[in-house]
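Trainee: Could you take a close look at one part of this structure with me? I would like to follow a single helix and then see what surrounds that topic.

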Amino acid sequence: MSFRSDSCSDEAPPYVLPFFTTALSILFALVTIPGNALVLVAVFRDPYGNLRTPFNYLVLNLAIADLSVGLIVNPLSIIYHLDEGIKSINLPGFGIEIEHVAYLTACTASVLSMASMTADRYVAVVHAARYKAFQTTRRVVITCTIIWLLSGSVTYLYFVIGDFLYRFVFANVVVIFTFCILVFSFFRINLTLRRQRARLNVQAVASIATPAARAHQYVPNMKYEVRVTKMFSIILLWYVVCYLPACIAIYLVNFCHSCSCDVIHWLRDLQLCFLLLSSAVNPYVYAWTSPRFRSAFLKILYLSQYDRARGHGNATMSSPTDNQMTSMR
């Protein structure tokens, strides 16, 4: 197996492709910018005083990375692909490099932020007793700083090995690393929750005589387990939906010697679109699934009369472990 000797950069793309990618870039920008901006506003305004937690600062960092995709990468993608399509804008060479570096930096920061959020939830469930002492705001700030330093510093490889090869490194190091963290955390968290449920059942049977009283302890824990499992299932599924096709496209671009340049151009743009899609949908996966974030969003948008979570949602969805979890976002 060897890398392709050419990247088809000197070949014109299929006529319809630049306009297809431009249209998707516009659509994603219209979704990415307001969605992630709303997360930033919600955390900074914190209308109900319950969003400034260490985990939500990680959500904030993810939103900053994804918002930079919407504000920088999407507009440059629109200009770049329009230039490919109509050949009248003449985006300069350094403009293309700015788009690539901004895109690679923001996507790396976004993926590493997902990894840090997953690790945070893993500690919160598996090591709940130590979570509050371990995960402090100071540690989160240090983590976010390291994420951005790594994301910015590793892009120097772009200037050394080129765009396509760097994306191959990105797929193999950053994406697969985060995927392993997601899968490991998913199974360990589910195993821990099942053990907690079994332990609670044993304690309930030993200490409580009536079935109704046992059910009173059992049902909240079951709701909590279902909620956590559902959240991680959505995160894992969405990560696979966005990044698996992107990784497959990156591999084909680098190793498919029989692929024509038209196919390579399609793969290149589809890989970009799947990663832009991730930045567009991340706030809805990570923030809108949280009752506290939804309440803050509706308050900020002057739609609090439609908020069903306020008043009873936080109380009914709590469990004995939620103190450490600070609400599973």
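**A close look at helix H9**

Mentor: Happily! H9 bends by about 40 degrees at Ala-280, and a proline, Pro-283, follows within four residues. Keep in mind that this is a predicted model. Helix H9 covers residues 261-286, and for its 26 residues a span of 38 Å is expected at 1.5 Å a residue; the end C-alpha atoms lie 37 Å apart, so the two values agree. As for its surroundings, H9 is mostly covered, with 19 of the 26 residues buried.

Helix H1 makes a good companion for the span check. Its 30 residues, 16-45, reach 44 Å from the first C-alpha to the last, close to the 44 Å expected. Just after H1, Asp-46 takes a positive phi of about 45 degrees.

Now for burial in another helix. Tyr-239 and Tyr-243 are four residues apart in helix H8 (residues 211-255), so about one helical turn separates them. Tyr-239 has a relative accessible area of 3%, which means that Tyr-239 is buried, and Tyr-243, also at 3%, is buried too. The structure holds ten aromatic pairs. One of them is formed by Tyr-239 and Tyr-243, which are stacked at 4.6 Å centre to centre with 25 degrees between the planes. Elsewhere, Phe-168, Tyr-251 and Phe-255 form one aromatic cluster.

For a look at the surface, turn to Ile-142 in helix H5 (residues 137-153). Ile-142 has a relative accessible area of 40%, so this residue counts as partly exposed. Together with Ile-146 and Leu-150, Ile-142 forms a nonpolar surface patch with about 250 Å² of accessible area.

Conventions: Residues numbered from 1 in each chain as written. Predicted model: local features only at pLDDT ≥ 70, side-chain atom pairs only at ≥ 80, totals over all residues. Heavy atoms only, no water. Helix = DSSP H or I, 4+ residues; strand = E, 2+ residues; numbered from the N terminus. Expected span 1.5 Å × (residues − 1). Bend = angle between axes of the 7 residues up to and from the residue. Buried < 20%, exposed > 50% of the residue type's maximum accessible area, 1.4 Å probe, protein only. Patch = residues over 30% accessible without salt bridge, like charges linked within 9 Å, V, L, I, M, F, W, Y side chains within 5 Å. Areas by Shrake-Rupley, 256 points an atom, 1.4 Å probe, with all protein chains shown as cover. Salt bridge = Lys/Arg side-chain N within 4 Å of Asp/Glu carboxyl O. Phe/Tyr/Trp six-rings, centres within 6.5 Å; stacked < 30°, edge-to-face > 60°.
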